[in-house]
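Work through these exercises with the structure open. Try each task before reading its solution.

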Amino acid sequence: MKRSFLSLLLLSFICFLPNQETIAQDKSMEDNTNVWQSPEEDILKILHAPQLPRTSTSPSRTHMVLTDPIIYPTLSELAGPMLKLAGTRVNPKNNYYHGRHGGTSPRVLTINDGKTVPLNIPDEAEVISTYWAVDGQRFALSVGFENRIELWMGDISGHVEKVPDIILNPLMDQAVKWLPDQEKILVRRITDRGAVPQKPSIPNGPRILEDAGASARSTYESRNLLETAYDDELFSYYSQCELLIYDTKTKQKHVVGPTASYKYANISPDGNYLLIERLKRPWSHEVGWWRFANDIEVWNLNGKLVTTVVNQPLANEVPIHGVITGPRYVSWQPTAPHTLFWNEALDGGNPVAEVEFRDRLMRWEAPFNTQPEEVFKAEHRIQGTMWGQSAGMLMVYQRERMKRWRYVWLLDVNKGTSKQWFDLDENDRYNDPGYPLFTQLENGKYVFKVEDGSIYFRGQGGTKDGDRPFVDRRNIETGKIERIFRCATDKYEYFVDFAEEPNSFIMSSESSTTVPNFYLAKFGESIEADAGESTRVITKRPITKFEDPSPELRQIENKIVRYQRKDSIELSFQLLLPPGYTEGTRVPTVVYAYPLEYSGAKTAGQVRGSSNRFMRIYGPSHKYFLMRGYAVLDNTAMPMVGDPETVYDSFVLQLVADAEAAVAKAIDMGIADPDRIGIIGHSHGGLMVANLLAHSDLFCAGIARSGSYNKTNQPYGFQGERRSLFEATKSYIDCSPTFFADKVNEPILIIHGDDDSNPGTLTFQSEVFYEAVRGSGGTARLVLLPFEDHGYRAKESIEHVLWEQMNWFDKYVKNRKITEETE
């Protein structure tokens, strides 16, 4: 039965594959085919308005490095050389990530007085990353050029200089790390590696995959993989580097690690040992580089082997939602001189195995002449560990997969004590305590801040009225919480870092009409705030004075609207009204959403976001419809509520119920014209759009971007679906709109990157779905963007997508009645 079923699916897939001539000849594609288009000037003005600077704050909290981000590369850049190397897209010109950029016009800002000093790097260069020394006076920069990434050193006076003979390799790991003495840095340097391997005129042979008796693995491991022996040589060439220690005072260089493909390297807190993870061949064509075989070793600073932690084999059979066996996340304890810690699976890495304990925490101390010791056993999978400022204090985050539940434990690894501190539903935004605030030790290592027996936490502060970020002090012994900062109700403010002055901190503050800027804030006395909550009085003065790049957006009204689904589940959307909107006027409306899964109704309806954010619009955003008189329902809740094992059995039914509730609310408010409502979504949201057009008549048109429309092409799970196609065949088919394309009787615009590497949304998904709708007599338009991945980045692509979206909804939503009368 399995063979015949899969054969049927394969046959249906082949039948639906579009003939390229048919696509080119289709009437819906004749107009403006193969011609780049741009939206009108007012849209372009907003799209290309100056962006607010990127910031990097010094550990001393006295200075910032600001740079102006490069947002949209040109299409010619994306069309340039690009290599798909073991899960990563690489620009072979500069040995960096393809299409990724830093910032220009770097300058140092003094927090105390707001003055800036420029950093004089070449005009054609951009700052990729800033690496501060702990004293906050000096920093290293990775500076990008078209054909290389250089190492530069600078200080807060504005002085910068290039370090000669060092070209960085930032692939796989941070390119620069300060040593504990804060005088030397560990650098990943590209050596003279000879000529680039040349592509053979013909392949050495066919591409062959073979397996027997294997278990299912996640498809998320299968993007941009190596395919040929030539690819293998390219990966070796571009991933290799040597590990070098550069003394910033004496300018001396010392090679500690010979040329190899280093996955990770870090110095011990006492500066005497080097922990390295080194990939080893043969390279796999089935998984990304992070699953390759590797050796985890400890060396001395002369590059001599001290001990081997593990020789990790190729991890190409990791169970779905599982982990590797053996040591994982090996790292130094920052508060001890030279002690390693790591996690190990006790369930074979299999999340469905029935075991008493799923993970354990291991410790191994130099000189590594004894066996590693077990420190802690975890009932659930260890998601992360964080070290505290106090010696031996460790916070352990565990996750219970079936309940989607988080458990937070506090350990003292020196005393051998442990306790569960608190636990919560991982989707509960209203009660989420946030995460610890971090500080740097003198050795440069990061730990969470501990003061007077309390740990500092900051969080998003979800409430029924929107997000209100906060900072708390949580007492270690009693769990008592003191709220020391809470965002005001009419603003969006968040804690950035503690400042140099006592009782002071750096914060960001903005509102729907006020540009985000940084402020130096001071804690005052404790007062009672809203709902009986206590907080501290805050006084603040500006550090930066950024200006509004798009004042026309300040005329947009923004508020959070709450309502209920027919089964009483609480829902919400963010209502955006166009400039000049007259109350009581019904206008064309755009719904934007992304389906999410929840275990229970309590968290499914919790409000996300804030109406007090300063609106900035990036990329091919649906918010541009506001400038054409549309209302927008943003962040529209589309929860899938139920048992994580079976929630997709009711996916379509819940989607329709969610959409019905949102549309009904917008109509009841007198805002949405019921005959002129469109829906747009990206990725899983694209699947949502296609399903809603197939299974409801709520919308008069839709735009589906980079979606997945046939889930049978992911036979071993997708999103939160944990069952295989063979266990839940009906569910896979029911949520796949390709099988219901004949029911899509509203116009649909399908947009996709022509080189989508996301395994669940490969480009053919849109090609097949387009042909299925078109062939069934539906109205569809397919736009494939050359050189684009799952998201769209090039200036030309963004502008064209905006033009397509505006024209589609203007024709089939905004002017729908006029069109019908004309026809």
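**Exercise 1.** In which order do the strands of the open sheet of 3 strands run, and is the pairing parallel or antiparallel?

*Solution.* First, some ground rules. This is a predicted model: local features need pLDDT of at least 70, side-chain atom pairs count only at pLDDT 80 or more, and totals for chains, interfaces and linings use all residues. Residues are numbered from 1 along each chain as its sequence is written, and side-chain values use heavy atoms, leaving out hydrogens and water.

Step 1. Strands (E, at least two residues) and helices (H or I, at least four) are DSSP runs, numbered from the N terminus. Two strands pair if DSSP finds at least two bridges between them.
Step 2. The order is 3-4-5, and the pairing is antiparallel.
Step 3. Strand 3 (83–85) and strand 5 (96–97) are the edge strands, each pairing on one side only.
Step 4. Strand 4 (residues 88–91) joins strand 5 over 2 bridges, in the antiparallel sense. There, Val90 stands opposite Tyr97.

**Exercise 2.** Describe the open sheet of 4 strands and find its edges.

*Solution.* Step 1. The order is 16-17-18-19, with antiparallel pairing.
Step 2. Strand 16 (262–267) and strand 19 (305–312) each have a single partner strand, so one side of each has no neighbour in the sheet.
Step 3. From one strand to the next, the twist averages 15°. Axes here are lines fitted to C-alpha atoms, for helices over the stretch in contact, and angles run from 0 to 180 degrees between N-to-C directions.
Step 4. Strand 17 (residues 273–279) and strand 18 (residues 294–300) are joined by 7 bridges. Leu275 has Val298 of strand 18 as its bridge partner.
Step 5. Between strand 18 and strand 19 there are 6 bridges, again antiparallel. Asp295 is partnered by Asn311 in strand 19.
Step 6. Strand 18 and strand 19 form a hairpin with 4 residues between them. In its turn, Gly303 has a positive phi of about 85°.

**Exercise 3.** Compare the span of helix 7 with its expected value, then do so for helix 8.

*Solution.* Step 1. The expected span is 1.5 Å times one less than the number of residues.
Step 2. Helix 7 (residues 651–668) has 18 residues and reaches 26 Å from its first C-alpha to its last, close to the expected 26 Å. Just after helix 7, Gly670 takes a positive phi of about 75°.
Step 3. Helix 8 (residues 684–695) has 12 residues and reaches 16 Å, close to the expected 16 Å.
Step 4. Now check burial (buried is under 20% relative accessible area, exposed over 50%, partly exposed in between; 1.4 Å probe, protein chains only). In helix 8, 11 of the 12 residues are buried, so the helix is largely enclosed by the rest of the structure.

**Exercise 4.** At what angle do the axes of helix 7 and helix 8 cross, and which residues meet?

*Solution.* Step 1. The axes come within 10 Å and cross at roughly 85°.
Step 2. Angles under 35 degrees count as roughly parallel, over 145 as roughly antiparallel, 65 to 115 as roughly perpendicular and the rest as oblique. Helix 7 and helix 8 are therefore roughly perpendicular.
Step 3. Contact means heavy atoms within 4.5 Å. From helix 7, Phe651, Val652, Leu655, Val656 and Ala659 meet His684, Leu687, Met688, Asn691, Leu692 and His695 of helix 8.

**Exercise 5.** Which residues touch the most other members of the largest nonpolar core?

*Solution.* Step 1. A nonpolar core is a set of buried Ala, Val, Leu, Ile, Met, Phe, Trp, Tyr and Cys residues joined through side-chain atoms within 4.5 Å.
Step 2. The largest has 60 residues, and Phe651, Ile679, Met688, Leu692, Phe699, Ile748 and Phe769 touch the most other members.
Step 3. Helix 7 gives the largest share of this core, 9 residues.
Step 4. A second, separate core of 36 residues includes Leu85, Tyr97, Ile149 and Trp289.

**Exercise 6.** Is Ser724 buried or exposed?

*Solution.* Step 1. Ser724 is found in the loop between strand 46 (701–705) and helix 9 (729–734).
Step 2. Its relative accessibility is 9%, so Ser724 counts as buried.
Step 3. Leaving aside neighbours within four places in sequence, Ser724 is in contact with Pro715, Tyr716 and Tyr732.
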